[in-house]
Amino acid sequence: MRNLFSNDLSEDLGVPTGENENSKDDHDLVIDVEVWYGGGLAPNVKERAPNIPKVPATLRESQKQKLPQWYKPTVISIGPYYYTSPRLTEAQTHKHGHAEKFIEETGQNKDVLYRQIRKKTAELRKCYDRQGIQKEIDDNKLATIFLLDGCFVLHFIKHSSDDDGYNSSSNALNFTNHEMTHIKQDLFLLENQLPYEVLQLLFNHAGNDSNGRPAMEGKIKDFVASHVPFPRGIWVKEMHPKPSHLLHYLQEVILGKSRSISSQKQDKAQIGPGKGRSKCFCKNVQELRKVGIHFKPSPTSYLTDISFNSHFGATGCLKLPAITMNTSTMIIFLNLIAFESSINTTNNLGVISYLCFLDSLIDRWDDVKELQAAEILRNFVGEQGDVAQFFNNVCNKLVPDPSAYRDVILQIERHMDRHHSSRLREWYIQCQQKYFSSPWSCIALVAAIIGLSLTAIQAYTSVFSQ
């Protein structure tokens, strides 16, 4: 290993080399390549970045209390990372039954499917972090894992999305409702993914729909759409051309294609150095309310559908997509953060940028309360302070795309500048929030006006009637 790279490294770092060196000690001055390359060989050919990386250690360590456990499967292992986990051995023994049922229901041959996967196993292995796969998992065993887990996942999706109801789906799969819920969560963990190419190999000949496309494509699309964290749901018109895995598919669905974060990168040139905000996007909800900004749900559920309209600088409306906050939502967000922040991926930062924007709005429990009142946030986590703490903790060290939502941020800043430059606008907003913030305050104001009017009339009649 040293002979291959010692000359190049010595020349790069100024260590003298060459045939004219007479000193034996000089020949011993060779950089240790194993140390230099971090325990690996010098990469002559650049390796493909894994589509299913391990959760970055810095991200896993930065999360507090139980959050790191939300990266690990609780019932079922999918793929090679948790194949030998002692906690998941019970479910492992049930996989083959579901896999065989899927093969039987779709009229396919197990050996034929295995050979198709085995031919591509060497390439599919590159989808994973090579240090995350145990050495004893050779290509034959990895191909078997792909076949077993892929057929299980497709059989689960096929029957869990049946229209016969939740209970009948769980009965058809022989899982309890509790197990069904946790398996669905496990299927969207970053470290618990299969390459989507594996699923395609297994369902391409599993039957077509009325349009001549594989019927399982529609089942997968509906399954992914059912896990979006939106109270109004979302309708997926067409699937992503080629998602890397189910979690990547979900990311594309919730971000939408109509207005992606990456399309706003042209604003970077306008921001200039030092003008953009890399962490704190804008003021919190209570601060924005003081300058006449109120909140409404966006017309769509895409995370990128955030807009702001200012009404003559007096009032403004910030529209945000409505989301449901529960345990499943937090698990999905954490794993999407891990996917986007992985050093080995080149994904856009759509989910991270959205969460950081929301985190800038939410500082305390009363910010959550205001978003709940505006029907933007549905809280099934517990106390409003717990929701605020989740965003504050998770987004503490995240770095969003500095150009994300830049047009919205600039409009809010201009609105705040116009508001603070006019005493009349400030007086108008103060009166509006003090006397017209709720129906009761309006009634009290009207009652006070009527009372004063009656008192004035009574005083007038008592004086001039004499």
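Is K95 buried or exposed? K95 is buried, with a relative accessible area of 0%, where buried stands for under 20% relative accessible area, exposed for over 50%, and partly exposed for the range in between (1.4 Å probe, protein chains only). The model is a predicted one, in which local features need pLDDT of at least 70 and side-chain atom pairs count only at pLDDT 80 or more, while totals for chains, interfaces and linings use all residues. Residues are numbered from 1 along each chain as its sequence is written, and side-chain values use heavy atoms, with hydrogens and water left out.

**Salt bridges**

Side chains of opposite charge can pair when their charged atoms come close. The structure holds nine salt bridges, a salt bridge being a side-chain nitrogen of Lys or Arg within 4 Å of a carboxyl oxygen of Asp or Glu. Among them are the three pairs in the table below.

| Pair | N to O distance | Relative accessible area |
|---|---|---|
| D149 and K95 | 2.7 Å | D149 1%, K95 0% |
| K126 and E123 | 3.5 Å | K126 43%, E123 40% |
| D139 and R125 | 3.0 Å | D139 22%, R125 24% |

D149 forms a salt bridge with K95. Because D149 lies in helix 8 (residues 139-160) and K95 in helix 6 (residues 95-105), the pair ties together parts that are 54 residues apart in sequence; helices here are DSSP runs (H or I, at least four residues), numbered from the N terminus. D149 counts as buried at 1% relative accessibility.

The side chains of D139 and R125 also meet in a salt bridge. That pair links distant parts of the chain, with D139 in helix 8 and R125 in helix 7 (residues 110-125), 14 residues apart. D139 is partly exposed, and R125 counts as partly exposed too. In the pair of K126 with E123, K126 is partly exposed, as is E123.

**Helix 6 against helix 8**

Helix 6 and helix 8 pack at an angle of about 70 degrees, with their axes 8 Å apart; the axes are lines fitted to C-alpha atoms over the stretch in contact, and angles run from 0 to 180 degrees between N-to-C directions. The two helices are therefore roughly perpendicular to each other, a label that covers 65 to 115 degrees. By class, their contact has seven nonpolar, four polar and five charged residues. Contact means heavy atoms within 4.5 Å, and the residues that meet include K95, F102 and I103 in helix 6 and L148, D149 and F152 in helix 8.

Key
Angles under 35 degrees count as roughly parallel, over 145 as roughly antiparallel, 65 to 115 as roughly perpendicular and the rest as oblique. Ala, Val, Leu, Ile, Met, Phe, Trp, Tyr, Cys and Pro count as nonpolar, Asp, Glu, Lys and Arg as charged, and the others, Gly among them, as polar.
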